[in-house]
Structures are given as structure tokens and as C-alpha cells.
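Here is a short set of exercises to work through with the structure open beside you. Try each task before you read its solution.

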Amino acid sequence: MIKIQGVYKSFDELEVLKGVDLDVKKGEVISVIGGSGSGKSTLLYCINGIEKIQQGNIIVDEIDVHAKGTNRDNLRQRLGMVFQQFNSFPHLTVLENASLAPRIVKKLKKKEAIEIAKEELNNVGLSDKFDEYPTRMSGGQQQRLAIARALAMKPEYMLFDEVTSALDPELVGEVLDTLRMLSDAGMTMICVTHEIAFAREVSDKIAFFHQGIIEELGTPEQVISNPQKETTQKFLSKVLH
Amino acid sequence: MGMSLFTPLSWNDSGFILTGVLNTVYISLVAITIGTVLGLAVGFLRAESNRVTNTLLGGVLDILRSVPLIIQLILFSTYIGAMGHPLNPFAAGSIVLSLYTMAFMGEVFRGGFESVPQSMVVAGRSLGMSYWQTVLYIRLPIGMRAVFPSWLGVALSVIKDSALVSVIGYMELLRTSEQLISRTQQPLEILLGVGLFYFIISYPLSLYGKYVERKMAI
Ligand SMILES: Nc1ncnc2c1ncn2[C@@H]1O[C@H](COP(=O)(O)OP(=O)(O)O)[C@@H](O)[C@H]1O
Ligand SMILES: [Mg+2]
């Protein structure tokens, strides 16, 4: 379980998160929607401890992410993350991309790491690309590689930050299908996304983010079909038309 | 029966010439190796460190790069001698040429490290890699690939610049050939031969550099 309690985060003078509370239970899919610059990406970076917070707590499976003694490198093995940019490692083949972290972070034997990487690549439909270099693949394929690479660490949670935003429209579907498959398999996920229809379909809860706080939180039925706040209504009418 | 003051070039000189060739190759390899290792450290420091360290380090490197090598060589060997620690020409030449190489390699590698997008490093960290693992497995290999053609360019100019170490008495190719010229009075043949040697070493390497550059551009 992930517990986010009263989190404040600033970059120098700029206050980006202004008291965020959110619980994510095992097996839940939560989508975070909201305008650009509202702090959605920052929240994900705070959850896996890549960015520091100034106030509040983030607890992942009883581990206080931002406490002094926490080994955040270890913690991040529980929290897979996929970004808007594909961030494939261009000097490594697809198989090497997916087996690197299991090998050097988990210290698995090479054979074992490759076994796991192959399995995850098969699951995202890249079984015929093991020896390809990522720069020679489409954006959709690279993004599926990024997902497989994160899954090869066998994380408990997955954080997705607008993973379809950099894709050509015709490639969005294949990546969303991969996310659907993951949610069907019971993965706990936080998805920052602009794909409202997708969010409505797969999410247990939707959080509408506005100027550094969660303005509205509820089921897709509540937040998307019957938004209570005016800001939510405005945002939805903008993105749905 | 007039005896000539000069003895023409002959096969007997090949051992002497070979010594010059090997010494040139030797000191170049030493300077390129040490210069690359130090340059990596310096380039990494420059890419990572704050403004103050960077300005200081940059200043030192600027001096090394802008003072002509020949002056650095003479200054260093004279100074070391005057201090009462005379070094043999090879040692003195290696030190100066290595530092000179480091100054150029440092800028090359700095560019390499900086060319790796931060987002790629963050992706590595998000997989649980430590800071040093992202340096070793992501920034180093990606950055070094990007600057390989520039690295090769610096290495080639070091091979050519190594001829200057002759001014402090190192028996590299240029100095052996000067001695041969004064004995044989055949400057044309000898200098052409020396030029050919540098060409044979440099040209294939520079072609290779261009090939790699083209391949990476795709
Ligand atoms: N590393 C950073 N340094 C300074 N400001 C940042 C940094 N990252 C994000 N910001 C700022 O924080 C605000 C929220 O950014 P972000 O979390 O990326 O928003 P979103 O993902 O919702 O579009 C923006 O104003 C952005 O400019
Ligand atoms: Mg964002």
C-alpha cells in the first residue's frame, strides 16, 4: 500500500505540491488527470524518492520513502516507473535493456536475468526484437520495452507518467493495450494520463489534480461523469472536446 | 682517393630509424593512455561539479591548452632540472604530453557526459541503480560513444605533437631523423620517409573516425 499524507514540495520559491493526500491499495489502478504544470509528474517523482519533499510523509509498504535512513535504491525496486520519453538505453539491445537492472541491481546471474527479461518482453509483444537496438524501433515498441524493462525488476507498483503523450496517434493503442493487460493481471498502478476514456475504463479511482492539490477524488463515475468541482468540470470540458 | 665526410643512408640505419619509430609510438601511447584516464576524471568532474570548482578547473585546463606545447616542454624540463630533480627526456616528455592530452580529452569527455539526457539517468535510478551504476552503465558508455570521433581526433594530433618532445632530447622519430640528416645530408629522402610514417599511422585512423561518425549519424 502507498500512503501519501500531507505532502508539500517546492522547487526553490515555486511551491508545486501543496498538501497532497492519497492512498493506493494493493491491486488498485488510480489515474491522475489534470492540467499541465499542476504537479502530476512531481508527485510520481516524490513517490519513488527521486525528488525530495519538504513536508508530509510518503509510506510504501511501511517504508517511509523520505526518512533519513531509508535505502531508496532498494525501495525503487518495488516501484517501477515509465516516462513520457522512452529513455531506452541506446547502446544496449532490447534484451540487454531489459536484463541490465536485474543483473546489476538485483545481482541475478546473467542467465537468470535474461530469462526474466525474455519473459517480460514476450508479454509486451517484443519476442521478435531481442537483438534489435531500440533506436531502430517505433515509439510504441520503445515504450513497450520501457514497460518490460521496469517489469523485469518485479515491482509491486507501477508509476506511469503520460506514457502515450510522445507517441504518434496510431501507436497509442498498442501501449494502452499493454497497460490494460497489466491492470487485468492485478498490478497496482498510478497512471498520470490525458487519455480520459482509457482512465475511465481501467481505473478504480480518478484523482483530478489542480495547482498542486487533489481537487477531486473518486470513482470514474463520480469524477468524470459527475464532477462536483467547477475546476474539474472546466478541465474535462476542455479535454473531452 | 677522397674520403667523404658523409655516409649515405643505408640498411645499417634501419635499426636506428626503428628505434625512433618505436619511441614515437611509445610516448604517444603513454600520453594517450594517461591523458585519456585523467581526461575522463577531469571531464566527469567538470560535468558534475559546481560553478566554483568548474571555473578553477577550467582555468587550469585553458592554460594547458593555450600555451604552446613546445614552451611547456622546455619550461618543465628546465624547471625540474633547476630544482635539482632532473628527469630523463622520456619521463619529462611523458608528463608534459600526458597533461597536455588530458586538457583536450577533458573537454571531449565533458561534452560526452553532458550529452547524455538527464531523463535517461533518472530512468536508471528508477530501476534501482545507484548513482555510480548510472555513471558506469549509462553515462559512460553512451557519452563515450558520442565523442569517440573527437577522441580519435585528439589522439591523432597527440601522435603528431609528440615530435615536439625532440626539443628536450627524446630520441623519437624526428630527432633520429635529424641526426641521420646531419650525417647523410639526405634531408629530402629522410623527411619524406618520416612524413610518410605519420601519414600511414594517421590516415587510416582518421578514415575510421569518419566511418564511425557516419555510422552513428544514422
Ligand atoms: N526539476 C524542476 N526544477 C524546477 N521546477 C520544476 C522542476 N520540475 C518541475 N518543475 C515545475 O513544477 C511545476 C509542476 O511540474 P510537473 O510536475 O512536471 O507538472 P505536470 O506533470 O502536472 O505537467 C511546473 O511549474 C514545473 O515547471
Ligand atoms: Mg508531467
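**Exercise 1.** Decide whether B:Ser126 is buried or exposed, and list the residues it touches beyond its neighbours in sequence.

*Solution.* Start with the accessibility: the relative accessible area of B:Ser126 is 2%. The cut-off for buried is under 20%, so B:Ser126 is buried. Keep in mind that this is a predicted model, and that the numbers here are computed from it. Next, place the residue: B:Ser126 belongs to helix α5 of chain B, which covers residues 118-126. Finally, look for contacts, leaving aside neighbours within four places in sequence: B:Ser126 meets A:Asn48, A:Ile50, A:Arg76, A:Leu79, A:Met81 and A:Phe83.

**Exercise 2.** Do the same for B:Ser98: find its helix, its class of accessibility and its contacts.

*Solution.* Helix α4 of chain B, residues 89-115, holds B:Ser98. Its relative accessibility is 4%, so B:Ser98 counts as buried. With neighbours within four places in sequence left aside, the contacts of B:Ser98 are B:Val30, B:Ala31, B:Ile34 and B:Gly35.

**Exercise 3.** Find which residues surround ligand 1, and which elements of chain A supply two or more of them.

*Solution.* First collect the shell. Ligand 1 has around it A:Phe11, A:Leu14, A:Val16, A:Gly35, A:Ser36, A:Gly37, A:Ser38, A:Gly39, A:Lys40, A:Ser41 and A:Thr42. Sorted by character, the shell residues are three nonpolar, seven polar and one charged.

Now check oxygen atoms of the ligand for polar partners:

- An oxygen atom of ligand 1 lies 3.0 Å from a polar backbone atom of A:Gly39.
- For A:Ser41, an N or O atom of the side chain is 2.7 Å from an oxygen atom of ligand 1.
- For A:Thr42, an N or O atom of the side chain is 2.5 Å from an oxygen atom of ligand 1.

Then consider the cover: ligand 1 taken alone exposes 560 Å², and the protein buries 58% of that. Last, assign the shell to elements. In chain A, β2 (14-24) and α1 (40-47) each give two or more residues, and α1(A) has the largest share with three residues.

**Exercise 4.** Work out the strand order of the four-stranded open sheet in chain A, and explain why β2 and β5 stand at its edges.

*Solution.* Begin with the order: the four strands of this open sheet run β2-β1-β4-β5 in chain A, with antiparallel pairing. At the edges are β2 and β5 (63-64), each with a single partner strand, so one side of each has no neighbour in the sheet.

Now follow the pairs. Strand β1 of chain A (residues 2-11) is joined to β2(A) by eight antiparallel bridges, and A:Phe11 stands opposite A:Leu14. Two residues separate these strands in their hairpin, where A:Asp12 has a positive phi near 50°. At the other edge, strand β4 (residues 55-60) of chain A pairs with β5(A) over two antiparallel bridges, with A:Ile59 and A:Asp64 as bridge partners.

**Exercise 5.** Strand β9 of chain A pairs with β3(A) and with β10(A); find the sense of each pairing.

*Solution.* Take β3 first. Strand β3 (residues 29-34) and strand β9 (residues 205-210) of chain A run parallel and are joined by five bridges, one of which pairs A:Ser31 with A:Ile206. Turn next to β10 (residues 213-218) of chain A, which pairs with β9(A) in the antiparallel sense over five bridges. Here A:Phe209 has A:Ile214 as its bridge partner. The two strands make a hairpin with two residues between them, and A:Gln211 in the turn has a positive phi of about 50°.

**Exercise 6.** Say where A:Leu75 and A:Thr164 lie, and whether each is buried or exposed.

*Solution.* A:Leu75 sits in helix α2 (residues 72-75) of chain A and, at 2% relative accessibility, is buried. Not counting residues up to four places away in sequence, A:Leu75 touches A:Val60, A:Ile63 and A:Val65. A:Thr164 is in the loop between β7 (157-161) and α6 (169-184) of chain A; its relative accessible area is 7%, so A:Thr164 is buried as well. Beyond neighbours within four places in sequence, its contacts are A:Val172, A:Val175, A:Leu176 and A:Glu195.

Definitions and conventions. Residues are numbered from 1 along each chain as its sequence is written. Chains are lettered from A and ligands numbered from 1 in the order in which they are written. This is a predicted model: local features need pLDDT of at least 70, side-chain atom pairs count only at pLDDT 80 or more; totals for chains, interfaces and linings use all residues. Side-chain values use heavy atoms; hydrogens and water are left out. A residue is near a molecule or strand if one of its heavy atoms lies within 4 Å of it. A polar contact is a pair of N or O atoms within 3.5 Å; within protein, one must be able to donate a hydrogen and the other to accept it, and residues adjacent in sequence count only if both atoms are side-chain atoms. Accessible areas come from the Shrake-Rupley method with a 1.4 Å probe; for residues, only the protein chains shown count as cover. Ala, Val, Leu, Ile, Met, Phe, Trp, Tyr, Cys and Pro count as nonpolar, Asp, Glu, Lys and Arg as charged, and the others, Gly among them, as polar. Buried means under 20% relative accessible area, exposed over 50%, partly exposed in between (1.4 Å probe, protein chains only). Contact means heavy atoms within 4.5 Å. Two strands pair if DSSP finds at least two bridges between them.
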